[in-house]
Every structure is written in structure tokens, then in C-alpha cells.
Amino acid sequence: MIEETTITKAIIDTYIKDLLACVESDVIIGGAGPSGLCAGYYLAKNGLNTVLFERGLKLGGGMPGGGIMFNRIVVQEEGRALLDEFDIRYQQYEPGYYVANSLEATACLTSKAIKAGLRIFNLITIEDVMVRENRVEGVVINWSSVEMAKMHIDPVSFKSRSVIDATGHPCEIVRIVERKSGGTLLTSSGRVEGEKSMWADVAERMTVENTKEVYPNLYVCGMAANAAFGGPRMGPIFGGMLISGKKVAESIIKKK
Ligand code: 48H
């Protein structure tokens, strides 16, 4: 006989235990796009207690949508080793251009990251940060459904030694810090420099260059890096997103 209340207890009990295990963590990542998932994989694999909060129901950010809803992504030569690391299959379309199924890529990134030990909580939005003496020391979260319903319900705080903004084009966490710190980001103007128009070749390089600390203890990766430090967009080529995720993880591991 199946007892429904056992199912209820199994779900609530295990979820709460997982959530409590990351109230204080090494790294909090905002956003489960390709760069956030890749960063989470490397951080967890290296033994850092890492938690990722994702606003949406599904994972992968802009990756599953491929280019104009054709569920394929392209990765250049520099990103090929990462396709192999995540067991994502691909074919060479022309020399140096590898094409993969965007659904397989999303599934492989997600599966590998979770199995490496990354704790992912979807349907949760990062709505603020904790700041102590001009350093980010954690984030403030709430259920995404509360945000969507515009209900006045107070959020809760999660503490970490580093925070990564992997929220993509809007660089939401950086914008919160920009607004509340009065424009003291580590960018040239102290403010969000803003994303520039499409130029894939330059954008792919700049995404990786711009992957760094943007405010003490707050890092950016993926599209958020180009939005924060000012760099073009690149369309549906994803090597830079993966390399950026790996780079931000390595910077934080080195700091440890
Ligand atoms: C929790 C949040 C919050 C929040 C947003 O956009 P993403 O896929 O991010 P990246 O940078 O890993 O990848 C970018 C890529 O998908 C892309 O858009 C490209 C290559 N564009 C090129 C072009 O020319 O357009 O994922 C970000 C994720 C999403 O799932 C959001 O739901 C989530 O972050 N998110 N999660 N709290 N405040 N804000």
C-alpha cells in the first residue's frame, strides 16, 4: 500500500535538509544558465560548498532555446574540451565550428553539476545582497511565485564567502549592488557599463576577459560579465559561456 503522507514527509524532509546545509556556504551562484551551471560544477567538484538559486522552473537559461528556437548551439575550438568534459556530443560543421543539441547540452551540464555536488534550488529569486563593510557576504532570496504575485512577504538571507552573478543579460545582482552602493563597482565608471551590439568574435573573447570580481566578493560570469564591464553580445555560440564559468570557478578556488 502506498502511504501519501510518507511521500509528503520524504519530499519536505530531504528538501529542508538540503536547504539548511547551504544557509552558510562557500559560494552562492545566481542563475542556472550555461555559465552558472559550469561554474557550479567546477566549484562543487573541487569540494566547495556551492549553492545555485534559479528564478525559473527550468534550468539552462538561454541554452535550450538554441538559436531562434532551433535547438542547436555552436561551440568554437576553444570550447571543445568543455563539451568533452560534460559528455556533450557534437559534430564538426566546418573546421573549428562544433554543433551540439542544445537540449542534450543543458541536460549534461545539469546532470554533471548536480552529481558533482552542486545544490540547485529552482523557483527562487535572488532579490538583494548582504553587504558588510563594502563587501558582499551573501544574498537575500524569496520564492519566485511571491515576486510574480507581487505579494508583500519578507525574504530570508543566505551567507557565503563569494557570490557569482550568472543572471545573464540583465546582470541582476550587480545592478542591485550598483544601486545600493552608489556606483562603486570595480568597473571603469563604477557603474554597469552595459551590453553592446552583436559581434561574436570580440564578444566571445571579452566574456572571458570580463569574468572577474566586480565588487568585493561578487564575481560575474557569462553574459552578466559583458553587461557589467561592457562587451558585445554573441548570439547562439556558447564556448565563451562555458569557458567563463570555468574561469570564475578557478578564480574563487585560487582565492580559497
Ligand atoms: C535567480 C535569476 C535571477 C535572479 C536571472 O541568460 P542565461 O542563460 O545566462 P548565461 O550568461 O549563463 O548564458 C547566456 C546565454 O544563455 C545567452 O543568453 C547568450 C549566449 N546570448 C547571446 C545573445 O547575443 O543574446 O541564464 C541566466 C539565468 C536564467 O535562467 C534566469 O532565470 C536566472 O539566471 N536569473 N535567478 N535570481 N535574480 N535573474
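The following dialogue goes through a predicted model and asks what each description of it rests on.

Trainee: What makes the chain as compact as a globular protein of its length?
Mentor: Start with its make-up, which is nine helices and eleven strands. The radius of gyration is 18 Å, and the globule rule gives 18 Å for 256 residues, so the chain counts as being as compact as a globular protein of that length. The C-alpha atoms fill a box of roughly 55 × 55 × 35 Å along the principal axes.

Trainee: How many of the residues count as buried, and what is the cut-off?
Mentor: Buried means under 20% relative accessible area, and 51% of the 256 residues of the chain count as buried. The chain exposes about 12800 Å², with carbon and sulfur atoms supplying 57% of that area.

Trainee: What share of the contacts joins residues at least 24 apart?
Mentor: Among contacts between residues at least 6 apart in sequence, the share is 66%.

Trainee: How many charged side chains are there, and where do the centres of the two sets lie?
Mentor: There are 29 positive and 30 negative side chains, and the two centres lie 2 Å apart.

Trainee: How do you know that the length of helix α2 agrees with what is expected?
Mentor: Helix α2 has twelve residues, 34-45, and at 1.5 Å a residue it should span 16 Å. Its end C-alpha atoms are 16 Å apart, so the two values agree.

Trainee: Why is α2 called largely enclosed?
Mentor: Eleven of its twelve residues are buried, so the rest of the structure largely encloses α2. Among them are P34, C38, Y41, Y42 and A44. After α2 comes G47, with a positive phi near 85°.

Trainee: How do you know that helix α4 has the expected span, and what covers its buried residues?
Mentor: The 15 residues of α4, 102-116, should span 21 Å at 1.5 Å a residue, and the end C-alpha atoms are 21 Å apart, so the span agrees. Its buried residues are S102, E104, A105, T106, C108, L109, T110 and A113. Their cover includes α2, β3, β5 and α9.

Trainee: Why is G117 called partly exposed?
Mentor: Partly exposed lies between the 20% and 50% cut-offs. G117 has a relative accessible area of 38%, so it is partly exposed. G117 sits in the loop between α4 and β6. Leaving aside residues up to four places away in sequence, G117 touches A44 and T50. Its C-alpha atom is 23 Å from that of V156, which is 39 residues away along the chain.

Trainee: How do you know that helix α9 agrees with its expected span, given its end C-alpha atoms?
Mentor: For α9, residues 239-255, the expected span of 17 residues at 1.5 Å a residue is 24 Å; the ends are 25 Å apart, which agrees. The buried residues of α9 include G239, M241, S244, V248 and I252.

Trainee: What makes S244 buried or exposed?
Mentor: Its relative accessibility is 0%, so S244 counts as buried. S244 belongs to helix α9. Residues up to four places away in sequence aside, S244 touches T207, V208, T211, C221 and G222.

Trainee: What about S162: is it buried or exposed?
Mentor: S162 has a relative accessible area of 2%, so it is buried. It lies in strand β9. Its contacts, not counting residues up to four places away in sequence, include D26, N217, Y219 and I252.

Trainee: Why does A81 count as buried or exposed?
Mentor: Exposed means over 50%. A81 is at 54% relative accessibility, so it counts as exposed. A81 is in helix α3. A81 and G239 are 158 residues apart in sequence, yet 9.7 Å apart in space, C-alpha to C-alpha.

Trainee: What makes the phi of K150 and of C171 worth a remark?
Mentor: Most residues other than glycine have a negative phi. K150 has a positive phi near 55° and is not a glycine, and C171, also not a glycine, has a positive phi of about 35°.

Trainee: Where are K150 and C171, and is each buried or exposed?
Mentor: K150 is in the loop between α5 and β9, and at 74% relative accessibility it counts as exposed. C171 is in the loop between β9 and α6, and at 0% it counts as buried.

Conventions. Residues are numbered from 1 along each chain as its sequence is written. This is a predicted model: local features need pLDDT of at least 70, side-chain atom pairs count only at pLDDT 80 or more; totals for chains, interfaces and linings use all residues. Side-chain values use heavy atoms; hydrogens and water are left out. Helices (H or I, at least four residues) and strands (E, at least two) are DSSP runs, numbered from the N terminus. The expected span of a helix is 1.5 Å times one less than its number of residues. Buried means under 20% relative accessible area, exposed over 50%, partly exposed in between (1.4 Å probe, protein chains only). The radius of gyration is taken over C-alpha atoms; the globule rule is 2.2 Å times the number of residues to the power 0.38. Contact means heavy atoms within 4.5 Å. Accessible areas come from the Shrake-Rupley method with a 1.4 Å probe; for residues, only the protein chains shown count as cover. Lys and Arg count as positive and Asp and Glu as negative; His and the chain ends are not counted. The place of a charge is taken as NZ of Lys, CZ of Arg, CG of Asp or CD of Glu.
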